[in-house]
Amino acid sequence: LPSFGNIMPGCTVDDTRATIRAINELLKKRKEDMEYRAKFRETLSKHERDNIILNQENEKMNERNDQLQNKLKNQLNQFKTSESHWKEEREALMNEVEQLKK
């Protein structure tokens with residue numbers, strides 16, 4: 001094999017090897033950091049998806065709650081209308097009774 005000599009002029013071969021090892025360690029650390037960040041982004045994305053799903057379910061529950069509240073309001077209004085109707089009927093009957101007494 002041909003020898004190209006020291007690839008870093010002004011350094012010994014041992015210095016060059018140490019520098020290359022240090023660069024390799026930095027690259028390895030960088031790779032680990034990138035993998036960690038990728039996993040973090042994946043986890044964050046999963047949480048964001050879960051949050052979106054929960055928000056959609058919450059909106060559905062709010063809509064259902066609004067529907068039930070409206071239904072109860074309508075029933076209450078019907079009851080009030082019915083109650084006032086019977087109150088009027090009662091008053092009319094009482095008036096008739098009074099008229100008959102005279």
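Let me begin with Asp-33, which forms a salt bridge with Lys-29, and in this pair the closest N and O atoms are 3.2 Å apart. I should say at once that what we have in front of us is a predicted model, so please keep that in mind as I go through the contacts. Asp-33 and Lys-29 both belong to helix 1, and they sit four residues apart, which is about one turn of the helix. As for their surroundings, Asp-33 is partly exposed, with a relative accessible area of 28%, and Lys-29 also counts as partly exposed, at 45% relative accessibility.

How many salt bridges does a search of the whole structure find? The search finds three, and the general idea behind them is that side chains of opposite charge can pair when their charged atoms come close.

Another of these salt bridges joins Asp-50 and Lys-46, whose side chains meet at 3.0 Å, N to O. Why are Asp-50 and Lys-46 separated by about one helical turn? They are separated in that way because they lie four residues apart in helix 1. Asp-50 counts as partly exposed, since its relative accessibility is 30%, and Lys-46 is partly exposed too, with a relative accessible area of 42%.

The remaining pair to look at is Asp-14 with Arg-17, a salt bridge in which the closest N and O atoms are 3.7 Å apart. Here the two residues, Asp-14 and Arg-17, are three residues apart in helix 1, and this again is given as about one turn of the helix. Is Asp-14 buried or exposed? At 54% relative accessibility Asp-14 counts as exposed, because the cut-off for exposed is over 50%, whereas Arg-17, at 46%, counts as partly exposed.

Let me now turn from charged side chains to aromatic ones. The count of aromatic pairs in this model comes to one. That pair is formed by Tyr-36 and Phe-40, and it is stacked, with 6.5 Å from centre to centre and 25 degrees between the planes. The word stacked applies because planes under 30 degrees apart are counted that way. Tyr-36 and Phe-40 both lie in helix 1, which covers residues 13–101, and they are four residues apart, or about one turn of the helix.

How exposed are these two rings? Tyr-36 counts as exposed, because its relative accessibility is 58%, while Phe-40 is partly exposed, with a relative accessible area of 48%. Which residues form a nonpolar patch on the surface? Tyr-36 and Phe-40 do so together with Leu-44, and the accessible area of the three together is about 350 Å². If you look for this patch in the structure, you can therefore start from the stacked pair of Tyr-36 and Phe-40 and then add Leu-44.

Finally, I would like to take you further along the chain, to Leu-72, which is also found in helix 1. Leu-72 counts as exposed, since its relative accessibility is 55%. What separates the C-alpha atoms of Leu-72 and Glu-98? The separation between those C-alpha atoms is 38 Å, and the two residues are 26 residues apart along the chain.

To gather this up carefully, we have gone through three salt bridges, one aromatic pair, and a nonpolar patch on the surface made by Tyr-36, Phe-40 and Leu-44, and every one of these comes from a predicted model.

Terms used: Residues numbered from 1 in each chain as written. Predicted model: local features only at pLDDT ≥ 70, side-chain atom pairs only at ≥ 80, totals over all residues. Heavy atoms only, no water. Phe/Tyr/Trp six-rings, centres within 6.5 Å; stacked < 30°, edge-to-face > 60°. Buried < 20%, exposed > 50% of the residue type's maximum accessible area, 1.4 Å probe, protein only. Patch = residues over 30% accessible without salt bridge, like charges linked within 9 Å, V, L, I, M, F, W, Y side chains within 5 Å. Areas by Shrake-Rupley, 256 points an atom, 1.4 Å probe, with all protein chains shown as cover. Salt bridge = Lys/Arg side-chain N within 4 Å of Asp/Glu carboxyl O.
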